[in-house]
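Please find below a colleague's note on the model under review. The points are numbered so that each may be checked against the coordinates.

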Amino acid sequence: MKITKKEATLFKESHNRYLSESSFLAKLFTRAVKKGIDKDPNISNAIKRADTAIDKARAEIEMKLNGDKDEIKKAIPLSVRKYLGFKY
């Protein structure tokens, strides 16, 4: 089932309005989502596969650029380096 653009917009608006990080509802929502994710083996497997793919991509980038931190900084924007796990 795919959601429509209207439904996505409504979700974002309600999330921003009612589930700010400091609110009680946000904490309940976060706890419920966490329990749902922990119990779902498909999501757990997807997360494990994504982590493995990121580790593999990081290793390949370092190998191709001979581990030179300056070359990696030049080749990959900071926002992407952050998500690939480069600390520099």
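The points below move from the overall fold to individual residues.

1. Overall content. The model is a predicted one. Its protein chain contains five helices and zero strands, and the order along the sequence reads α-α-α-α-α. The chain has 88 residues, of which 9% count as buried.

2. Surface and contacts. About 7800 Å² of the protein chain is exposed, and carbon and sulfur atoms supply 59% of that area. Among contacts in the protein chain with a separation of 6 or more, 26% are between residues 24 or more positions apart. One pair distant in sequence is Asp 55 and Leu 84, which are separated by 29 residues in sequence, while their C-alpha atoms are 7.6 Å apart in space.

3. Geometry of helix 3. This helix covers residues 41-64, a run of 24 residues. At 1.5 Å a residue the expected span is 34 Å, and the end C-alpha atoms are 34 Å apart, so the two values agree. The calculation multiplies 1.5 Å by one less than the number of residues.

4. The start of helix 3. At the N-terminal end, Asp 40 acts as the cap of helix 3, with a side-chain oxygen 3.1 Å from the backbone nitrogen of Asn 42. Before this cap comes helix 2, residues 24-39, in which Ile 37 is placed. Setting aside residues up to four places away in sequence, Ile 37 touches Ile 43, Ser 44 and Ile 47. Ile 37 is nevertheless partly exposed, at 32% relative accessibility.

5. The salt bridge. How many salt bridges does the structure hold? There is one, and it joins Arg 58 to Asp 55, with the closest N and O atoms 3.2 Å apart. Side chains of opposite charge can pair when their charged atoms come close. The two residues are three apart in helix 3, so about one helical turn separates them. Both partners are partly exposed: Arg 58 has 22% relative accessibility, and Asp 55 has a relative accessible area of 42%.

6. The residue after helix 3. Asn 66 follows just after helix 3 and lies in the loop between helix 3 and helix 4, the latter being residues 69-75. The phi of Asn 66 is near 55 degrees, a positive value in a residue other than glycine. Most residues other than glycine have a negative phi. Asn 66 is exposed, with a relative accessible area of 71%. The backbone at this position merits inspection in the viewer.

7. A buried arginine. Arg 81 belongs to helix 5, residues 78-84. Which side chain of opposite charge is nearest to Arg 81, and how far away is it? The nearest is Asp 70, at 9.2 Å. Arg 81 is buried yet has no salt bridge, because a salt bridge requires a side-chain nitrogen of Lys or Arg within 4 Å of a carboxyl oxygen of Asp or Glu. Apart from neighbours within four places in sequence, the contacts of Arg 81 are Ile 72, Lys 73, Ile 76, Phe 86 and Tyr 88.

8. Points to compare. Two arginines may usefully be viewed together. Arg 58 is partly exposed and forms a salt bridge with Asp 55, whereas Arg 81 is buried and has none.

Note on methods. Residues are numbered from 1 along each chain as its sequence is written. This is a predicted model: local features need pLDDT of at least 70, side-chain atom pairs count only at pLDDT 80 or more; totals for chains, interfaces and linings use all residues. Side-chain values use heavy atoms; hydrogens and water are left out. Helices (H or I, at least four residues) and strands (E, at least two) are DSSP runs, numbered from the N terminus. A polar contact is a pair of N or O atoms within 3.5 Å; within protein, one must be able to donate a hydrogen and the other to accept it, and residues adjacent in sequence count only if both atoms are side-chain atoms. Buried means under 20% relative accessible area, exposed over 50%, partly exposed in between (1.4 Å probe, protein chains only). Lys and Arg count as positive and Asp and Glu as negative; His and the chain ends are not counted. Contact means heavy atoms within 4.5 Å. Accessible areas come from the Shrake-Rupley method with a 1.4 Å probe; for residues, only the protein chains shown count as cover.
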